[in-house]
Amino acid sequence: MRTRHRYRSVALAVAWRNLHNVFTNPALLLPSLIFPLFFLVAFAGGLSAISKAPNFHFPSGYTAFQFVFVLLQSAAFGGVFTGFSVAADFEHGFGRRLLLAAPNRSGIVAGYLLAALTRALFSGSVVFAAALIGGMQVDGGGIDLLGLVGLALVVNAAAALWAVGIALRFRSIQAGPFMQIPVFLILFTAPVYVPLDLLSGWIKAVASVNPMTALFEAGRGFISGAPTEVLLAFAAALGLTILFAVWAFRGLRAAEAAG
Amino acid sequence: MNTALATQIGQLARRSIVRTMRQPAQIVPALVFPLFLLAVNAGGLNQATKLPGFPTDSYLTFALAITFMQGAMFALMNAGTDLANDVETGFLNRLALTPLRGSALLTGMLSGVVVLGFIQAITYLLVGVTAGAHIAAGVGGVLTIFALTFLMTLGFGALGSAAALRTGSGEAVQGLFPLFFVLLFLSSMSLPRNLIQADWFREVATWNPVSYLIEAIRSLLITGWDGEALALGFAVAASLIVVGTVLASLALRTRLVRT
């Protein structure tokens, strides 16, 4: 009981501090909002003619099609930005003091994860509102939208745990590219602009084995009210989350060992 | 040009070129990132070629023009970051003690990014043609692409130098990247302007000078010799050089104060 209380108090304190830092510093908050909004505008606005291509069938429209990519992308990068926060905390010496002070160090990772999930909910809500203002058609019901939100949160958790694992090993913001680039690659080698069937060449081969493909397709199924590949998508996302949770906690051990 | 000025430019140009070539962190992203986006877009947006009125049946050829534009944007970042570093480390203050002319400083400092610009242009063309892209204007078109790339690199490099001299901070120069990224995405980068469905987006792309730089190179790849597209592209590139040089010269007056 006491252990659980310590764990919770550490997690809540770390989460509160991180969220306070982010929401009171526009330089930290704005990039996580501006980039997804920009992608939504650039892709849904500039590429909407793609939906007129032969065999492109997405009844909810191209804005809804792109919204799912932008939502999952903002969730993933929200997680990466949390990794930046961890790296910055260690670079400035706060991370080491946190390791000394926390009665339960696992709570540190949980706290950062909680902050990442909160940030993802906030940026996701802003993107959703912008898409609705932009005329997005939502054909899915409440349960479908809940599924989409759940998917985004699991993606956020996986990306955050990946980035936190890197941050705890390198303990320097210079490791930023190692956090970002793999996430960028996995996102953009999935079907971003058109469904998987309409891809061609090497990108189709890569997208076919990319776990993000199932997530995009499930998300697009949710928004159009025709859920598809839901089990596969959640299994892939949860699998990645468990894998990266192990990665993050081993990173914590590495940070402890480094002193 | 008198001997003293030539010597000053030569010394700074040599330093700039050696410095650029010794920084893989500048060269690798400038070569890899545009080619990665080319590969992703060529596969992901190939369906766009099936839209009525699309000017070519190869999206790879269509998208190849974008790599040159992205390369020029890397010139902005690299030139600006290097010069800002010189400001931050006090190198520019030491130069102020010498009889160095401002024009020699600007010309010499841009040599590194110009050489890198040529390496980029050759790499993009070789990779593009090897992957199956066409150059409708033939060998003359290749030379014209090199000429336009040279001007674009100079223009964006001068803008980066102006930002560096104005702010004296590498971080501030890096902060410009998202702005130019936005300019790139809000252009006719992904679709010809006449096929952009959203009226507001088409309007923005028409006012965006980046569209004309891309369309000039694209005309050489797809159409052959299009006088209007080339004239607009060269005019925009020349304007960038003028604006960048004027801004950099004005900033240099206060930065290179001789006491």
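The expected span of a helix is 1.5 Å times one less than its number of residues. The exercises below apply this and related criteria to a predicted model.

**Exercise 1.** Determine what span helix α2 of chain A should have, and which of its residues are buried.

*Solution.*
1. Helix α2 of chain A covers residues 26-46, which is 21 residues.
2. At 1.5 Å a residue, the helix should span 30 Å.
3. The end C-alpha atoms of α2(A) are 28 Å apart, which agrees with that expectation.
4. The buried residues of α2(A) are A:Ser32, A:Pro36, A:Leu40, A:Val41, A:Ala42, A:Phe43, A:Ala44, A:Gly45 and A:Gly46.
5. Their cover includes α3 (62-91) and α5 (106-133) of chain A, and also α9 (177-185) and α10 (199-207) of chain B.

**Exercise 2.** Describe the side of chain B that touches chain A by its helices and by residue class.

*Solution.*
1. Chain A brings 24 residues to the contact and chain B brings 19 residues.
2. On the chain B side, α2 (24-44) and α9 each supply at least two residues.
3. The most comes from α2(B), with 3 residues.
4. Sorted by class, this side of chain B has 12 nonpolar, 6 polar and 1 charged residues.

**Exercise 3.** Identify which residues touch the most other members of the largest nonpolar core, and which helix gives the most to this core.

*Solution.*
1. The largest nonpolar core holds 165 residues, and A:Val155 and A:Leu215 touch the most other members.
2. The helix that gives the most to this core is α3 (residues 59-89) of chain B, with 18 residues.
3. With neighbours within four places in sequence left aside, A:Val155 is in contact with A:Leu72, A:Ala75, A:Ala76, A:Leu215 and A:Ala237.

**Exercise 4.** Decide whether B:Ala238 is buried, partly exposed or exposed.

*Solution.*
1. B:Ala238 lies in helix α12 (residues 227-255) of chain B.
2. A buried residue needs 20 or more other C-beta atoms within 10 Å of its own, whereas an exposed one has 12 or fewer.
3. B:Ala238 has 13 C-beta neighbours inside 10 Å and therefore counts as partly exposed.

**Exercise 5.** Assess how compact chain B is.

*Solution.*
1. Chain B has 12 helices and 0 strands.
2. Its radius of gyration is 19 Å, close to the 18 Å that the globule rule gives for 259 residues, so chain B is as compact as a globular protein of that length.
3. The C-alpha trace of chain B spans about 65 × 35 × 30 Å along its principal axes.
4. Of the 259 residues in chain B, 48% are buried.
5. Among contacts in chain B with a separation of 6 or more, 81% join residues 24 or more positions apart.

How values were computed. Residues numbered from 1 in each chain as written. Chains lettered and ligands numbered in written order. Predicted model: local features only at pLDDT ≥ 70, side-chain atom pairs only at ≥ 80, totals over all residues. Helix = DSSP H or I, 4+ residues; strand = E, 2+ residues; numbered from the N terminus. Contact = placed C-beta atoms within 7 Å. Nonpolar A, V, L, I, M, F, W, Y, C, P; charged D, E, K, R; others polar. Core = buried A, V, L, I, M, F, W, Y, C linked by C-beta atoms within 7 Å. Rg over C-alpha atoms; globule rule 2.2 N^0.38 Å.
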